[in-house]
Amino acid sequence: MALWVFTFHVLYVGSLRLPVLYEGGLAVNVFMILSGFVMTRMCMLRPDPYPVFLLRRLARIYPVYLVALAFGYMASEATSVLYTRLPWKAENYDFLTVRYAHDAMHLKPLVLWHLSLLHGLLPEEILEGSSLSLLAAAWSLSPEWQFYLVAPVLVLLLRSRRWMGITIAATLGMQLLGHELTKYYTYIVPSIFPMVAAFFVTGILSALVYDALKKAPKDLIVQGAGAIVCILFMIGKFVPDKYP
């Protein structure tokens, strides 16, 4: 999956549209499903208190993220110049070539929001380029962190026979709401949790089904049906189809 994402970005810069390989967003979607699966297994096998869970997640991703963020900004100027010297015109050429100047002009708010890992929440109308500035590849880390903030609660609700159906319905409604926001605000990538909630919830349900296969409880059919509903929903017209 990581190689698929890398290949997509190479093709993107080279303006080469090859079938399947150019659909790097599909690999990102699978990563989100896997994240939901792994977080669920962690919550079930090692149910840490909520603050401990978040601290463990932060310790896992934050140090490397800070280093990558610093290198991303330092390389931004050279990258912008490189795009102007390509013998072809890359997609989103104008955005790519002025990235460094834009980042430098809005550096303080961009850095603050990136340090919070919530930079993906801001639409273009509030802070232009927030999701893709400084370190463009980290846009998906923002919805990932947003998921971590609610993951223990989602796992708890989806394990409950009483709340499972309501939570699945609320997730699909949240995803619809996320896409409704795009009518009023501009998100270059689906970097807010409501737009990708169904992927993470599908991962959670998959983990619950996996666990239920070994125990075969009565909830297996409901959990499996919920996962199938989320998958069908995601491959429908509400699935984001472009990931710069």
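Trainee: In this predicted model, which residues does Phe53 touch, not counting residues up to four places away in sequence?

Mentor: The model is a predicted one, and the count for Phe53 leaves out residues up to four places away in sequence. With that exclusion, the residues that Phe53 touches are Met39, Cys43, Asp48, Tyr148, Ala151 and Pro152.

Trainee: Which helix supplies the largest share of the largest nonpolar core?

Mentor: The largest nonpolar core has 41 residues, and Phe53 is among those with the most contacts inside it, together with Met32, Tyr65, Phe147, Tyr148, Leu158 and Ile204. At least two residues of this core come from each of α2 (24–45), α3 (50–74), α8 (141–158), α9 (164–181) and α10 (193–215). The largest share, 9 residues, is supplied by α10.

Trainee: How many residues does the other core have, the one that includes Phe8 and Tyr12?

Mentor: This other core lies apart from the core of 41 residues. Among its members are Phe8, Tyr12, Ala90 and Leu96, and its number of residues is 6.

Trainee: Are α2 and α8 parallel, perpendicular or oblique to each other?

Mentor: The axes of α2 and α8 are 10 Å apart, and the two helices pack at an angle of about 40°. Angles under 35 degrees count as roughly parallel and those from 65 to 115 as roughly perpendicular. The angle of about 40° falls in neither range, and α2 and α8 are therefore oblique.

Trainee: Is the crossing of α2 and α8 left-handed or right-handed, and how many charged residues does their contact have?

Mentor: The crossing of these two helices, α2 and α8, is right-handed. On the α2 side the contact is made by Met32, Ser35, Gly36, Met39, Thr40 and Cys43, and on the α8 side by Pro143, Glu144, Phe147, Tyr148, Pro152 and Val155. By class, the contact of α2 with α8 has 8 nonpolar and 3 polar residues, and the number of charged residues is 1.

Trainee: Is Leu54 buried or exposed?

Mentor: Leu54 is found in helix α3, and, not counting residues up to four places away in sequence, Leu54 touches Trp145, Tyr148 and Leu149. The C-alpha atoms of Leu54 and Ala151 are separated by 9.8 Å, although these residues are 97 residues apart along the chain. Because its relative accessibility is 15% and the cut-off is under 20%, Leu54 counts as buried.

Trainee: What is the relative accessible area of Ser191?

Mentor: Ser191 has its place in the loop between α9 and α10. Leaving aside neighbours within four places in sequence, Ser191 is in contact with Gly120, Leu121, Ser131, Trp139, Ser142, Pro143 and Gln146. Ser191 is buried, and its relative accessible area is 0%.

Terms used. Residues are numbered from 1 along each chain as its sequence is written. This is a predicted model: local features need pLDDT of at least 70, side-chain atom pairs count only at pLDDT 80 or more; totals for chains, interfaces and linings use all residues. Side-chain values use heavy atoms; hydrogens and water are left out. A nonpolar core is a set of buried Ala, Val, Leu, Ile, Met, Phe, Trp, Tyr and Cys residues joined through side-chain atoms within 4.5 Å. Buried means under 20% relative accessible area, exposed over 50%, partly exposed in between (1.4 Å probe, protein chains only). Helices (H or I, at least four residues) and strands (E, at least two) are DSSP runs, numbered from the N terminus. Contact means heavy atoms within 4.5 Å. Axes are lines fitted to C-alpha atoms, for helices over the stretch in contact, and angles run from 0 to 180 degrees between N-to-C directions. Angles under 35 degrees count as roughly parallel, over 145 as roughly antiparallel, 65 to 115 as roughly perpendicular and the rest as oblique. A crossing is left-handed if the near helix is turned anticlockwise from the far one by less than a right angle, and right-handed if clockwise. Ala, Val, Leu, Ile, Met, Phe, Trp, Tyr, Cys and Pro count as nonpolar, Asp, Glu, Lys and Arg as charged, and the others, Gly among them, as polar.
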